[in-house]
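Let's take a walk through this structure together, pausing at charged pairs, loops and long-range contacts along the way.

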Amino acid sequence: MSKVESVDHKVISGISANSGIAIGNIVCINSNRRKVLPKSISETEVDNHLKIFKDGRTALLDELSGMLDYLDEQSGSIIDTQKQIVLDSEVEKRVESLIKEELLSSDFAVYKTFCDFIERLKESGSELFRQRIVDLENLRDRFIDVICDDDKSFSIKKGTILVTKELSPTELVSLHAEGLSGLVMEKGGITSHAALIAQSLEIPCIVSAKSATSKAFNTKGVLDGREGVLILDPEKEILDKYKIKLKKLKKTQRRLLKNINEPSRTKSGTEFFLSANIEFESELNQLKKYNATNIGLLRTEGLLFSNKTEFDEQLRFYDSVILATEGSVTFRLFDVGGDKLNAKIPEEANPFLGWRGIRMLLDEKELLETQLKALLICAGKYKGRVKILVPMISVEEEIIALKAIIEELQSKLRNEGIKIDEKVALGAMIEVPSAALNAKNLAKHLDFMSIGTNDLTQYTMAVDRGNEKICSLYQQQHPAIWELIKITVEAAAKTNTEIAVCGELAGNVLGACGLVGLGIRNLSMISNAIPRIKEELISHNDSEFDELAESFLAASNTTQIKEIFEDWRVH
């Protein structure tokens, strides 16, 4: 990375990935990903290049292990996942094959192996996997740096606000140890690993900040994570105002944690439930801190990412999650495109509208049945605590087909004398407009519905949320989204079906208040959002929430909705 000089602009705007305020000196850097050209070697050099690869792998693993000292368990699991990738037998087999059979140098063998994997992820149709590409690119580049004995790391002074195109988890961990106070990235989304670690380390962060590295310059600045802005060279009046805000923020954070054990009831006495969205097993330790009894969404794609799809591996993971929690756990079936499973699958023109989620699972019967069998056995051990959530439902026939498979598996397990939960809850993600509009018919086959506002927004607004050029159109608070949620809520009420929301809208104060106003009492979000949401929900009565939801539905654009909410909070 190299220092970048830029023209003077006073404000850089982006999307809030983590709230908070940072005041400090701005350092602007530019990151360029490595490109390694093919280099042929002779047969006599093979053994030496195999040794270089293995020695480099050991050195990289030591470097990653050293980073764990700076992290809590939630963020540490991200580094552990990177270690698993480095140690993956398929990676080793592929690299050694390129060196031995194709007589290619160790650095290019590593480069090509990782690039092939990254290309498959790009076409996976999974936003979660696409957000992990920057992690893999950095892991690849660091691996090559180690092999080539080429240290390209950089250091910062304590209190620095960093502006960059993108940043990997390992880079962020290192910079945090040096005293990083704020982060602005041109690329990445709010679910990127860098953003997740920024949340865990409580670093104010904004992403999708267009042309940030060309606008920023090395001066004093103020980063407002909540508003998604970086103010360059602020005047004394603005600086003093933010210093006061920073003191109030620290006081608020102490108050939020103090209120976390208060009853989860509105001022009218109506009970609500705040659950956690979980991706990594080590995040389970956050549940007690934030008083989250249930897991409203457990993403299982990490098992695919780390090649842990065998029956025993899955069952062990599901058991460990249940044992670490007190309440129910909603396990979402694998939500990913099929090319992650099979490199021979032809590339799709638009994977987000392609063979993914339940569409892929119904075709990949062995994968689906292995996961279902592990979940059904887990449900039998812990009756009433396992819920199965189906992703990407768009037509009723998909649910009917899945239920037939579940019933067949339950019958087999019963015949084998294995305990099952006859009433294991089955739910569907409502994340496609057709599912929301047809929710009254889908609900007849379901025990619960969970609204995934992330994809529902993407498909309703026809916007790729990973595309920085149009990210401003990714509006989860748009009136059309509220209308689809209302239709789904009404369908749930008519069919007496449980309803929840597990998308980012639930972890947003505006969103949570509007959802409660529409009658939704189950909200699932990232753990550290729970204190802020809870404080807001216990501060109002039901009629206020109802009035707010009605105003949202009457609005014609997102700007109006934000204005309505700010006015509502004041009064």
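How many salt bridges does a search of the whole structure find? The search finds 24 salt bridges, where a salt bridge is a side-chain nitrogen of Lys or Arg within 4 Å of a carboxyl oxygen of Asp or Glu. Before we visit some of them, please keep in mind that this is a predicted model, in which local features need pLDDT of at least 70 and side-chain atom pairs count only at pLDDT 80 or more, while totals for chains, interfaces and linings use all residues. Residues are numbered from 1 along each chain as its sequence is written, and side-chain values use heavy atoms, with hydrogens and water left out.

Let's begin in helix α1 (residues 46-67), where Asp55 and Lys51 are 4 residues apart, so about one helical turn separates them. Helices here (H or I, at least four residues) and strands (E, at least two) are DSSP runs, numbered from the N terminus. The side chains of Asp55 and Lys51 meet in a salt bridge, with 2.7 Å from N to O. Asp55 counts as partly exposed because its relative accessibility is 42%; buried means under 20% relative accessible area, exposed over 50%, and partly exposed in between (1.4 Å probe, protein chains only).

A second pair brings two helices into the picture. Asp116 forms a salt bridge with Arg94, and their closest N and O atoms are 3.8 Å apart. Asp116 lies in helix α4 (residues 106-122) and Arg94 in helix α3 (residues 89-100), so this pair ties together parts that are 22 residues apart in sequence. Asp116 is partly exposed at 30% relative accessibility, and Arg94 is partly exposed at 30% as well.

What about the surroundings of the next pair: are Asp141 and Arg140 buried or exposed? Both Asp141 and Arg140 are buried. The two form a salt bridge whose closest N and O atoms are 2.9 Å apart. Salt bridges can also join up into a network, as with Glu301, Arg332, Asp335, Arg356 and Asp455, which are linked in this way.

Now let's turn to charges on the surface. Arg226, Lys241, Lys245 and Arg532 form a positive surface patch. Patches are made of residues with over 30% relative accessible area and no salt bridge, with like charges joined within 9 Å and nonpolar side chains (Val, Leu, Ile, Met, Phe, Trp, Tyr) within 5 Å. Lys and Arg count as positive and Asp and Glu as negative, while His and the chain ends are not counted. The place of a charge is taken as NZ of Lys, CZ of Arg, CG of Asp or CD of Glu. One member of the patch, Lys241, lies in helix α10 (residues 236-259), and with 45% relative accessibility Lys241 counts as partly exposed.

Helix α10 also holds Gln253, a partly exposed residue with a relative accessible area of 40%. Which distance separates Gln253 and Pro531 in space? Their C-alpha atoms are 8.7 Å apart, although their positions lie 278 residues apart in sequence. Just as worth a look is Asp233, in the loop between β9 (229-232) and α10. Asp233 is partly exposed, with a relative accessible area of 40%, and its C-alpha is 9.3 Å from that of Ile26, a residue 207 positions away in sequence. For another such pair, find Lys288 in helix α11 (residues 286-289). Lys288 is exposed at 69% relative accessible area, and its C-alpha is 9.7 Å from that of Ser527, with the two 239 residues apart in sequence.

The backbone has something to show too. Most residues other than glycine have a negative phi. Ala462, however, has a positive phi near 55 degrees. Ala462 sits in the loop between α19 (453-461) and α20 (479-495), and is exposed with a relative accessible area of 69%. Asn496 also has a positive phi, near 55 degrees. Its place is the loop between α20 and β16 (498-501), and at 73% relative accessibility Asn496 counts as exposed.

Our last stop is the cysteines. How many disulfides are there? The count comes to 0 disulfides, a disulfide being a pair of cysteine sulfur atoms within 2.5 Å. Cys28 is buried at 0% relative accessibility, whereas Cys148 is partly exposed at 37%.

Technical notes:
Areas by Shrake-Rupley, 256 points an atom, 1.4 Å probe, with all protein chains shown as cover.
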